[in-house]
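Colleague: I've just opened this one and I'm new to it. Could you walk me through it?

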Amino acid sequence: MEQWRTIIEPFRIHAVEPIRLTSRDEREGALRDSDYNLFRLRAEDVLIDLLTDSGTGSMSSEQWAGLQRGDESYAGSRSWFRFLEAVQELFAFKHVIPTHQGRAAEKILFSALGGPGKVIPNNTHFDTTRANAEFTGAEALDIPIAEAHVPSSRHPFKGNMDVEALGKVLAEHDVPVVFVTVTNNSGGGQPVSLENLRAVRARCDEHGVPLYLDACRFAENAWFIKGREQGYADVSVPDIVREMASLADGMTMSAKKDPLANIGGWLALNDDALAEACRNLLILTEGFPTYGGMAGRDMDAVAQGLREAVDEDYLHYRIRSTAYLGEALEAAGIPVVLPVGGHAVYIDARALLDHIAPLEYPGQALAVALYREGGIRGCEIGTVMFGSRPDGSEEAAPMDLVRLAIPRRTYTQSHVDYVIEVCRHVAARAGELRGLRIVAQPAALRHFSARFEPL
């Protein structure tokens, strides 16, 4: 296609869902009713929902057609074999174990490999990955490169793992598995280079430890490799994905992200004995090994979504549309994590609200303000999400961010322009915002259900 200046959405809108326009007073009431936790809001009270990109995208006409083809046979369905073929076309692992979403794959794998006294390193664990590892008694350890915690750094692969630190961890601890998350969600949606993956693989080989990918944004990571890593400009995205997978012993996947589905996931691996143990756990917790936690129609939707996810016209639009938002906020003087990530823009709330201490939750304060003023629901990625320790203590997270996650193929440019306008309005009044305190919280994953009140 000719390289015009304007990048258009490579699709047409086939169906629409109305958005209920709310007033500021209505949103203030909704905040009080939800105890200032945006996870507790009713979705109908949200104008632009950027809480997550997980399962919130729009499926294609071919995916909807796949739902009609769904074979709901309990064992050995045609949908299962279409799903298996699509997964192994990109990720050539011997065993594929379907689950209802990514956290179920994590739960099964860590139940088999985790346990007290063990350490599971990652470039950065996301919330459920950390929680599932720690639930077994293991320690979830983050070892990203130093630039990962500097929001203004423009390192092209800020998702990379610190290989030297990994070597020390492998030498000094009982490590059953090493994980690398692509892209690094907690660190600002930042990609991991193939050079770094090869170095991590080498360290794992030195110590006989398997390497797994948390690969739910694999296609976006591959697009960044194509655009930024030397020697890959002329390599196709599917081939880059295959090379990423070839460096790992297994993977967990939430099909609600890059595979463009509303539900689903899988655990894939090469180890025969471990696969048998994981399938036994699957049968106990999810279902028979040829459907796991998914209906046949969902497996067909995922199979088609995997093909669409690696389409380079789609990925060009996807990454540029996210960058459009990030570049506009940066131009307005709003601090964001740079370079702009693939699936989301991350506002540096600690820098914008530097008068609010980390333990007064500047990220949550900013997220609340964006909803109050414009009905935009974002997600705090900071001290609320990651500051609680297993012993009940609390400490500041490395960064306090607000993630504006862009659902796939869902919002138009005018929606994004509205988000930019609201962010500018809130940033101009940043000094007026105040922190919050937690009045009730669960023992784990507190950000989902904690109750807050303004200070």
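Modeller: Sure, one term up front: on a 1 Å grid over the protein atoms alone, a cavity is a set of points where a 1.4 Å probe fits but cannot get out, and a pocket is an open set with protein on both sides within 12 Å along at least five of seven lines; lining residues have an atom within 4 Å of a point. The model is predicted, so local features need pLDDT of at least 70 and side-chain atom pairs count only at pLDDT 80 or more, while totals for chains, interfaces and linings use all residues. Residues are numbered from 1 along each chain as its sequence is written, and side-chain values use heavy atoms, with hydrogens and water left out.

Colleague: Which charged residues line the second largest cavity?

Modeller: That lining is made of Asp53, Gly55, Thr56, Gly57, Ser58, Lys256, Lys257, Leu260, Ala261, Asn262 and Arg408. For classes, Ala, Val, Leu, Ile, Met, Phe, Trp, Tyr, Cys and Pro count as nonpolar, Asp, Glu, Lys and Arg as charged, and the others, Gly among them, as polar. The split is 2 nonpolar, 5 polar and 4 charged. The charged ones are therefore Asp53, Lys256, Lys257 and Arg408.

Colleague: Leu260 is in that lining; is Leu260 buried or exposed?

Modeller: Leu260 sits in the loop between β7 (250-254) and β8, where helices (H or I, at least four residues) and strands (E, at least two) are DSSP runs, numbered from the N terminus. Its phi is positive, about 65°, although it is not a glycine. Buried means under 20% relative accessible area, exposed over 50%, partly exposed in between (1.4 Å probe, protein chains only). At 4% relative accessibility, Leu260 is therefore buried.

Colleague: What volume does the largest pocket have?

Modeller: Its lining counts 38 residues, and Ala15, Gly57, Ser58, Arg409 and Thr410 are the closest to its centre. By class, the lining has 16 nonpolar, 12 polar and 10 charged residues. Grid points are joined across faces, edges and corners, and a volume is the space filled by probe spheres set on the points. For the largest pocket that gives about 1,400 Å³.

Colleague: How do α8 and α12 lie relative to each other?

Modeller: Axes are lines fitted to C-alpha atoms, for helices over the stretch in contact, and angles run from 0 to 180 degrees between N-to-C directions. Helix α8 (residues 218-228) and helix α12 (residues 312-331) have axes 10 Å apart, at an angle of about 90°. Angles under 35 degrees count as roughly parallel, over 145 as roughly antiparallel, 65 to 115 as roughly perpendicular and the rest as oblique. So α8 and α12 are roughly perpendicular.

Colleague: Which residues of α12 meet α8?

Modeller: Contact means heavy atoms within 4.5 Å. On the α8 side, the residues are Ala219, Glu220, Trp223, Phe224 and Lys226. Their partners in α12 are Glu312, Leu315, His316, Arg318 and Ile319.

Colleague: Where is Pro339, which a cis peptide bond joins to Leu338?

Modeller: Most residues other than glycine have a negative phi, and most peptide bonds are trans. The bond joining Leu338 and Pro339 is cis, with omega about -10°. Pro339 is in the loop between α12 and β9 (344-348).
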